[in-house]
Amino acid sequence: MEPVQALQKYFGYSAFRYQQEAIIQHVLNKKDVLTLMPTGGGKSLCYQLPAVLLDGLTIVISPLIALMKDQVDSLNVNGIPAAFYNSSQTPDEQIQLTTKLRNNQIKLLYLAPERLFGNESKLITFLKSLPVSLIAIDEAHCISHWGHDFRPEYLALAGLKNEFPAIPVIALTATADKLTKKDILEKLNLKDPEIFISSFNRANITYRVVPKKNSFNQLLAFLDERKDDSGIIYCLSRKSTEALAADLKAEGFLAEAYHAGLDNAVKARTQEAFLRDDVKIIVATIAFGMGINKSNVRYVVHVDMPKNIEGYYQETGRAGRDGLPSDAMLLYSPGDAIKLKQFAMIDDNPEQSRIMLNKLNDMVKYCQLQACRRQFLLKYFEEDFPPDCNSCDICLTEFKKFDGTLIAQKALSAVTRLKERFGTNYVIDFLRGSRSEKIREEHKQLKTYGIGADIAKNDWSRYIRELITMGYLEVTDDAFPVLKLTSTSEAILKGQQKVEFIESQTTEEHKPTEALPYEADLLAEIKNIRRDIALHENVPAYIILSDATLLEIATYLPQTLDELRLISGFGDIKLARYGREFLLPVKSYCEKNKLSSKIKLKASKRERKARTENSTNGVRSSSTAFDSFTLYKSGKTIAEIANERNLAASTIEGHLSFYIYTGAIDVLEMVNEEKKLLIKDAIESYGAEKLAPLKEILGEGYSYGEIRAVIAWMRKMGTI
Ligand code: ADP
Ligand code: ZN
């Protein structure tokens, strides 16, 4: 069976995401592989699909029992025999498992690393007697001291290659900086490994930083709009998780606290309840999260500032694994930064303290940023990204700007006059003409002294911060940081370059484009059905079907099993098991509301594969189109998307035209009004069936993409 056929049959997906296909091909060719992909990127599939296709057993090393259980449940629901081996099993269960393994009845076996090499070295002897075809090491960064989740038990995995020299290994992680990556490769002894690094952009997450004023009220306002959604709220201290959870409960929210100090049984119960949607909100310290695979976490809130960008990105990444729009909100107060600074200072270890402080400073910079947050985050992970992602608070807010050249000149000349030897506060006091004794007498004689007295202290701080962000000033890295000019300062001082500042009063956020229309009542109904099935099968709801799958059903209203097969997430087994149960309510809902199937908007998956490039002028959607759409919404150009996805630009244009049809993209984003009308004329005269003649008539100045966009728009308007 071809990988793509197995993808449809076992997982119900029509196309691979990003590098999945190449990774899987390497694994099938028995090559060692290291995969770096963001949370929610689809790592599991990179070893689960080969496991299905290869003869024999795939061993999966995973750090947490909760994670293993989740994965095993998901695989079993898809009809793939998988199991885990752990200490909570009874001897009887273990004997049964051993028998199944001997009879080659298990495709994937999940293990914690300490199982493999622990006291039970018998296990490894047993495993060596089985036809093992692949070893997958999940959360591979746990092997590195440099990673933020170092687990000593992972070090034992260094012995794997000795025990199974001929078996390919795939290591996977969502977080690996250079040092961690190097560590993983060395410690695991990977043989001539191929390294796959995906973009770490999480296009479906919107990032916001809000000044913390009255955090509880701010939180309530945020949660009120998200009553039915699941979310995680991170606090710094154990005590505050408990207090906040209690306050939220008193307001009627299904919230529970989670931190490392709780009883194991309580932790397990809370986690389970969250997975099953009995608890909607977890108020947690960072102890919560790793191994939480729940795909429909809709938001992550930080009520306290995290200690570093790595942790923040990891935590926010727990939102929206299913690819649906999700939110990350951080409540920022400068006081938090001061508190954290104290924690970052480690006695007797100046080197470590310096690293921690630098990381903390980067976090503060992020909070105070006046430019695209997504770009900043990705740059932190050494990835280029254009500014203006259209899905962070900065990009979604229209800022009023004003010419601040004069202000900038005042600040820069003050720094010059003070011979670049003083810190921000001194410079501000000097600019404002402070009479304080702190200001040296000789400085009070300078002409620049007091030239900025008309500007409040707070505003000066902000302007100087912005000048630093814009690169016209820099702060030294010393114990007493001072302001210095940069190579670009001179152009400002000489009036050769203008500076714009943002007014502190900003206008309202403009709303992001609306998503596809769907039937909300029907969605609620099928969610209930999913919950009942999940209860009956004793697994979390999202394991039965993801939110993204239910949303597609409520959008495209499939009426038959064949139509349901076209919904992303329905593999053969799920279709057979649950298909009818989900069709019934859709059909009766449609009858009652006089609606019919819209599935033809979503081209047949099989048909699409057979289609050639030049027949893509139909209107259709698919998860791959959705991927292009989210990239587009994150601010990428068509050329960039085509490049990133390794597809032709015309394919991406085809993808985006579907969203013009649904109204999610305005046709005028693709083509100007004048061209639109001329293309429309041409289509009305010559029809929309064939693109080439239209292109011919319109001439050089018109691209296929523009023509396609207008066709999609005319279909939307019902004029063709
Ligand atoms: P990760 O382990 O990288 O955090 P997962 O493996 O849990 O991510 O995948 C995230 C989600 O994406 C899961 O719900 C998974 O089923 C889904 N997914 C993975 N690959 C695809 C694909 N090719 N098409 C559609 N959905 C996919
Ligand atoms: Zn942005």
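This report describes a sheet, two nonpolar cores and one helix of a predicted model.

**The sheet and its helices**

The model contains an open sheet of 7 strands, paired in the parallel sense and arranged in the order β3-β4-β2-β5-β6-β1-β7. Its edges are formed by β3 (82-85) and β7 (194-197), each of which pairs on one side only. On average, neighbouring strands of the sheet are turned by 20 degrees against each other, direction ignored. Strands of a sheet pair through backbone hydrogen bonds, and the pairing is either parallel or antiparallel.

At one edge, β3 is joined to β4 (residues 108-111) by 4 bridges in the parallel sense. Within this pair, Y85 stands opposite L111 of β4. Helix α4 lies across both β3 and β4. Helix α9 also packs on the sheet, where it touches β1 (33-36), β6 (169-173) and β7. The table gives the direction of each helix against one strand.

| Helix | Residues | Strands touched or crossed | Angle |
|---|---|---|---|
| α4 | 65-77 | β3, β4 | about 160 degrees to β3 |
| α9 | 178-187 | β1, β6, β7 | about 155 degrees with β1 |

**The nonpolar cores**

The largest nonpolar core holds 75 residues, of which L127, I137 and Y366 touch the most other members. Helix α15 (residues 350-368) gives the most to this core, contributing 5 residues. Because domain 1 (3-197) and domain 2 (205-342) both give residues to the core, it lies between them.

Which residues does Y366 touch, not counting those up to four places away in sequence? The contacts of Y366 are Y207, V209, I309, Y312, R373, F376 and L377. Another core, of 64 residues, lies apart from the largest one, and its members include L545, L601, A682 and A709.

**Helix α33**

Helix α33 spans residues 691-698, and its buried residues are L691, L694, K695 and L698. Why do these buried residues line one face of the helix? Seen down the axis of α33, they fall within an arc of 100 degrees, so they line one face. An α-helix has 3.6 residues a turn, so residues three or four places apart point the same way. The partners of this buried set are two helices, α32 (673-686) and α34 (704-717), against which the buried residues of α33 pack. After α33 comes G699, which has a positive phi near 95 degrees.

How values were computed:
Residues numbered from 1 in each chain as written. Chains lettered and ligands numbered in written order. Predicted model: local features only at pLDDT ≥ 70, side-chain atom pairs only at ≥ 80, totals over all residues. Heavy atoms only, no water. Pairing = 2+ DSSP bridges. Axes fitted to C-alpha atoms, helices over the stretch in contact; angles between N-to-C directions. Contact = heavy atoms within 4.5 Å. Core = buried A, V, L, I, M, F, W, Y, C linked by side-chain atoms within 4.5 Å. Buried < 20%, exposed > 50% of the residue type's maximum accessible area, 1.4 Å probe, protein only. Domains from an automatic or database assignment. Arc of directions from axis to C-beta.
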